[in-house]
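Here's a quick walk through one protein chain, from a few individual loop residues out to the strand pairing and the overall dimensions. Have the viewer open while you read.

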Amino acid sequence: ALLNVITGRPGQIRFNGSAVSVIHNQFSSSNKTSAVGLVDLYATTSFGGESIFFIYFQAKGGDGLDSLVNSYVSTDANAGSTQSIGGQDVVLIPEAWAEFSIFDDGLKFTVGKLDLTNYFDNNSYANDEYSQFITSGFVNSAALPFIETTPGIRVRTNILNRFFVQIALVNSVNSGTKIFSSLIKAASIGFKIFPDSDFEGNFRVFGYLHPDTDDKAGYGISVDQNLFKELGLFIRWNKNSNEYLKIIGIEQAWSTGLLYESILFARKFSMGIA
């Protein structure tokens, strides 16, 4: 609905966003408490027709429990800081891209500063650290080597609103240098299960090649399935070639869980186990 409004009013910029705060407590003899806070602002406009431009601003602070707990994944995917070395709050631009669609949304091109996890390893029930699972290992696979948002391009098909094939080429570092010689190559296919029903689900298979591993392969699956109207299941698995151990330190990872979402006292209520 939001995209329809944006594309229907070319040149008009729409803003939306969110503010998130989290308090953590580590129950131990030291009884340490920590906090995380962040603000996100999104600006979107249309060039006319089936085209949009999107830019994302973010400022955040607080390491949560990550400075206290040793783990391969962050205990809170919201944690971190955009402060400068001098302690000044800085606003970052994690994403900025333009997207064009042709053939009645059958073929889509996205160009700019991209977050590959938005397109590969995405999931309906375990992909949002704000309103689903906080721990980063349940937001995306812990074995994914997509560390930062980087310049690149994505191409995606949409077949009968049920099947898709997509490919992407992005820089392996967040830089404007070596944009054609140091590329992460990714591809995925997927399809909907029981589309447009109370039991709709998605099955996705993806793979990638990373230049820092001499283009050795990594691959995975991401599945979400609506079991009942308010209860969903997610399953995720990802495996890397041994060469990825030198850049990410994780050969393979899996996760699964349930997410219950309902309306309680006129507010959205979520509860999950993973």
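## Leu 160 and its loop

Leu 160 sits in the loop between β6 and β7. Keep in mind that this is a predicted model. The backbone at Leu 160 has a phi near 55 degrees, which is a positive value in a residue other than glycine. Is Leu 160 buried or exposed? Its relative accessibility is 76%, so Leu 160 counts as exposed, given that the cut-off for exposed is over 50%.

## Phe 194, another positive phi

Phe 194 belongs to the loop between β8 and β9, the latter covering 201-210. This residue is not a glycine, yet its phi is positive at about 50 degrees. With a relative accessible area of 53%, Phe 194 is exposed.

## Ser 182, tucked away in a loop

Now for a loop residue with little accessible area. Ser 182 is in the loop that links β7 (163-171) and β8 (183-193). Its relative accessibility is 14%, so it counts as buried, because buried means under 20%.

What does Ser 182 touch, once neighbours within four places in sequence are left aside? The contacts are Val 170, Asn 171, Ser 172 and Pro 211. With one of these, Ser 172, there is also a side-chain to side-chain polar contact of 2.5 Å.

## Strands β4, β5 and β6

β4 (residues 92-102) and β5 (residues 107-114) run antiparallel and are joined by seven bridges. If you want a landmark on this pair, look for Phe 100, which stands opposite Phe 109 in β5. The two strands make a hairpin with four residues between them. In that turn, Phe 103 takes a positive phi of about 55 degrees.

β5 also pairs with β6 (residues 150-157), again in the antiparallel sense, over eight bridges. Here the landmark is a glycine facing a glycine: Gly 112 is opposite Gly 152 in β6.

## Strands β8, β9 and β10

Further along, β8 and β9 run antiparallel with nine bridges between them. Phe 191 stands opposite Phe 203 in β9, so to speak a Phe facing a Phe.

β9 then pairs with β10 (residues 216-226), antiparallel as well, over 10 bridges. On this side, Gly 201 stands opposite Gln 225 in β10. How many residues lie between β9 and β10 in their hairpin? There are five, and Asp 214 in the turn has a positive phi of about 60 degrees.

## The whole chain

Zooming out, the protein chain has one helix and 13 strands. Reading along the sequence, the helix comes ahead of the strands, as the pattern α-β-β-β-β-β-β-β-β-β-β-β-β-β shows. Among contacts with a separation of 6 or more, 51% are between residues 24 or more positions apart.

As for dimensions, the C-alpha atoms fill a box of roughly 60 × 50 × 40 Å along the principal axes. A compact globule of 274 residues would have a radius of gyration near 19 Å, and the chain has 19 Å, so the two agree.

On the surface side, 36% of the 274 residues count as buried. The chain exposes about 15,200 Å², with carbon and sulfur atoms supplying 60% of that area.

Notes
Residues numbered from 1 in each chain as written. Predicted model: local features only at pLDDT ≥ 70, side-chain atom pairs only at ≥ 80, totals over all residues. Heavy atoms only, no water. Buried < 20%, exposed > 50% of the residue type's maximum accessible area, 1.4 Å probe, protein only. Polar contact = N/O pair within 3.5 Å; in protein donor to acceptor, adjacent residues only side chain to side chain. Contact = heavy atoms within 4.5 Å. Pairing = 2+ DSSP bridges. Rg over C-alpha atoms; globule rule 2.2 N^0.38 Å. Areas by Shrake-Rupley, 256 points an atom, 1.4 Å probe, with all protein chains shown as cover.
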